[in-house]
Amino acid sequence: MLWSGGRADKGQELADLFERNFPLIVRERSSVLRILGHEGNAVFAERDSKNCLIGAAVVNRGTILMLCVDQPYRRQGIGSRLLAEAEEAIWKNGFEKIKPAD
């Protein structure tokens, strides 16, 4: 599902998700907020029954900036669905190749 919600909320929730799923990647939170909360991003999100963000794909133009799913929700097809939505958005915007983020 394409993200719904304000930009500030989006950045905070995505930064929290990033930190939970990539604990060994050292990045300043301000950098994570700036990158993931950019208003030009398309964010595809998965939420649990309590409306908590449990997975997301973040796309900017032809680049997938982040794709992750919280550990308890893995192996249920959530990541595959998020990736398919991200790929479709990239192709619909005229990009022929998908670039993973650095």
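This report describes the fold, the surface and several individual residues of a predicted protein model.

## Overall fold

The protein contains three helices and four strands. Their order along the sequence is α-α-β-β-β-α-β. Two helices therefore open the pattern, three strands follow, and a helix and a strand close the pattern.

Contacts between distant parts of the chain form a substantial share of the total. Among contacts with a separation of 6 or more, 54% join residues that are 24 or more positions apart.

## Size and surface

What radius of gyration would a compact globule of 102 residues have? The expected value is near 13 Å, and the protein has 13 Å, so the model agrees with the rule for a compact globule. Taken along the principal axes, the box filled by the C-alpha atoms is roughly 35 × 30 × 25 Å.

Of the 102 residues, 36% count as buried. The accessible surface amounts to about 6500 Å², and carbon and sulfur atoms contribute 52% of that area. The side chains include 15 positive and 14 negative ones, and the centres of these two sets are 2 Å apart.

## The two sides of helix α2

Helix α2 spans residues 29-36, and its buried residues are S31, V32 and L36. Why can these residues be said to line one face of the helix? Viewed down the axis of α2, the buried residues fall within an arc of 110 degrees, and they therefore line one face. The general geometry of a helix helps in reading this pattern: an α-helix has 3.6 residues a turn, so residues three or four places apart point the same way.

The face of α2 turned away from the buried side carries S30 and R34, which are exposed. Helix α2 thus has buried residues on one face and exposed residues on the face turned away from them.

## A buried loop residue and its contacts

D70 lies in the loop between β3 (63-69) and α3 (78-92). Is D70 buried or exposed? Its relative accessible area is 10%, and the limit for a buried residue is under 20%, so D70 counts as buried.

Leaving aside residues up to four places away in sequence, D70 touches L17, R20, N21, L53 and I54. Helix α1 covers residues 7-21, and strand β2 covers residues 53-60.

## Exposed loop residues

P23 is placed in the loop between α1 and α2. Its relative accessibility of 61% makes P23 an exposed residue. P23 and F95 are 72 residues apart in sequence, and their C-alpha atoms are 31 Å apart in space.

S49 belongs to the loop between β1 (42-47) and β2. With a relative accessible area of 80%, S49 is exposed. From S49 to E87 there are 38 residues in sequence and 26 Å in space, C-alpha to C-alpha.

## Positive phi angles

Phi is one of the backbone angles of a residue. Most residues other than glycine have a negative phi. Two residues of this model, N51 and R75, have a positive phi although neither is a glycine.

N51 has a phi near 70 degrees and is located in the loop between β1 and β2, the loop that also holds S49. The relative accessibility of N51 is 52%, and exposed means over 50%, so N51 counts as exposed.

For R75, phi is about 65 degrees. R75 is found in the loop between β3 and α3, where D70 is also placed. This loop holds both a buried residue, D70, and an exposed one, R75, at 87% relative accessibility. The C-alpha atoms of R75 and W91 are separated by 26 Å, and the two residues are 16 residues apart along the chain.

Definitions and conventions: Residues are numbered from 1 along each chain as its sequence is written. Side-chain values use heavy atoms; hydrogens and water are left out. The radius of gyration is taken over C-alpha atoms; the globule rule is 2.2 Å times the number of residues to the power 0.38. Buried means under 20% relative accessible area, exposed over 50%, partly exposed in between (1.4 Å probe, protein chains only). Contact means heavy atoms within 4.5 Å. Accessible areas come from the Shrake-Rupley method with a 1.4 Å probe; for residues, only the protein chains shown count as cover. Lys and Arg count as positive and Asp and Glu as negative; His and the chain ends are not counted. The place of a charge is taken as NZ of Lys, CZ of Arg, CG of Asp or CD of Glu. The arc is that of the directions from the helix axis to the C-beta atoms.
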